[in-house]
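Trainee: Got a minute to go through a model with me? I'd like to talk about a sheet and then the cysteines.

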Amino acid sequence: MPKAAPTLTPVALLPSLAPLLHEWLPRQRWFAGKGRPVTGFSLASVTELLPGCLHLLVRAEQPGAAPEAGDVYQLLLGVRKVLPPPLAPALVGHATAGPLTGLTVYDALQDPQIAALLLERLRTPGRLGPLRFGCDGGVPVPAGLAPRLLAAEQSNSSLVYGDTFILKVFRRIHFGVNPDLELPLVLARHGCPRVPAPAAWIQTERPEDATLAVLQPYLRGSQDGWQLALRALADRRDFTREAHALGRATAEVHTALAAALPVVSLGRAQTELLAAAMHERLEAAAQAVPTLLPYVPGLRAAFDAVTKVTGPRPAQRVHGDLHLGQTLRTGTGDWAVIDFEGEPARPLSERRRPQPPVRDVAGMLRSFDYAARTQLPWRPEWAESCRDAYCAGYAAGAGTDPRDEPELLRAYETDKAVYEVLYEARHRPDWLAVPMAAVRRLAQD
């Protein structure tokens, strides 16, 4: 970094970075505020993480939110005089004002040299300004692992090191303890083998406590559950054996979470609040995606049915966003569950709240439907057989069958489909027909 440390303050850096971020940030796949103009930026935190690499927490100001309430994003920006050709895709822009005038700014996660240095920093616990580096001595991380940035579309960025470890760098930051660190740590310490144990992590205490990144073992040779399902569909193969085993694995994770963390009982008042939150999300989604409007009365009925069932329901910590893409089948044929972040669009406090385990089951049922609808002609019998096998596997592992709570299962499946409609409308309009097909079915059940 060619400038003296005193110039690397949020106020001083903003004239250099704001014009560049206006153009670059809204184009990123993980930018959550698409469809609304960015009216300004503020830098919540600036740390010189490595030589030539700034760590930033940037608040994007957009209409509809107070300036201090805008989304906060984590950026690792490299600064060089000239960007070498291999790093051209990482270009953020050329600074023409402020302390970085004349320098080139780029996304440092795409720089193998900086990515390698980042791993070395993660191997040793300690502090750097507001940043805290933690690690689990029981999961040693070798030095010198070659990095590669995953190109897959997702809401965060991930670096794979030597096909041995994977570092998830959270992009949109939610203040508080991120369940993607919290729950895998709890499960690992409770001896649950279904989840890769965190090896190292980065947290910050400014402007508030937050989890920034998590390093976990990379399950080399494993296969993504979503891709496995699509392959089975393309080959017109049965997938029920895999679905049954996946149900059992889900039950094992739930059982371990219930043993390690508090289980609460939801009474009538809490159930009504649960249904009210679903209604609220439906209303908001219908306002944003008018295609939903004709189905709103039927979808409301699914939520109302939950409140008519008497008796308390157990609630516990769950995955919160379980689908085929959050599962891996390892080389031994076992299923592993990953990505405990929950639905990123929802507040962290909501994602960390105990919920009925059937919520995760509903998420996986939606995923089988999603997979089946990616193939033409659509094969509803494939999805139905997988859904039944998954529930049967879950019942075998947990001792309770999620199909014994049909009102709750339908309500959570409906809530998930509404979430999917909003997500696809914002990020992948070509996929909107998939959750809309589920909406039509669920509104008529």
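**Disulfides and a small talk about strands**

Mentor: Happy to. Keep in mind that this is a predicted model. On the cysteines, a search of the whole structure turns up 0 disulfides.

Trainee: Okay, why does C386 have no bond to C391?

Mentor: The sulfur of C386 lies 11 Å from the sulfur of C391, its closest cysteine sulfur, so the two are too far apart for a bond. A disulfide would need the sulfur atoms within 2.5 Å.

Trainee: And what is the closest cysteine sulfur seen from C391?

Mentor: That of C386, again at 11 Å and too far for a bond.

Trainee: Is C386 buried or exposed?

Mentor: C386 is buried, with a relative accessible area of 0%. C391 counts as buried too, at 2% relative accessibility.

Trainee: Switching topic: what is the strand order in the open sheet of 3 strands?

Mentor: The order is β14-β17-β18, and the pairing is antiparallel. β14 (223-224) and β18 (335-337) are at the edges, each with a single partner strand, so one side of each has no neighbour in the sheet.

Trainee: How many bridges join β14 and β17?

Mentor: There are 2 bridges between β14 and β17 (residues 327-329), in the antiparallel sense. Within that pairing, Q223 sits opposite R329 of β17.

Trainee: Which strands does helix α5 lie across?

Mentor: Helix α5, residues 240-260, lies across β17 and β18. Relative to β18, α5 runs at about 45 degrees.

Note on methods
Residues are numbered from 1 along each chain as its sequence is written. This is a predicted model: local features need pLDDT of at least 70, side-chain atom pairs count only at pLDDT 80 or more; totals for chains, interfaces and linings use all residues. Side-chain values use heavy atoms; hydrogens and water are left out. Two strands pair if DSSP finds at least two bridges between them. Helices (H or I, at least four residues) and strands (E, at least two) are DSSP runs, numbered from the N terminus. Contact means heavy atoms within 4.5 Å. Axes are lines fitted to C-alpha atoms, for helices over the stretch in contact, and angles run from 0 to 180 degrees between N-to-C directions. Buried means under 20% relative accessible area, exposed over 50%, partly exposed in between (1.4 Å probe, protein chains only).
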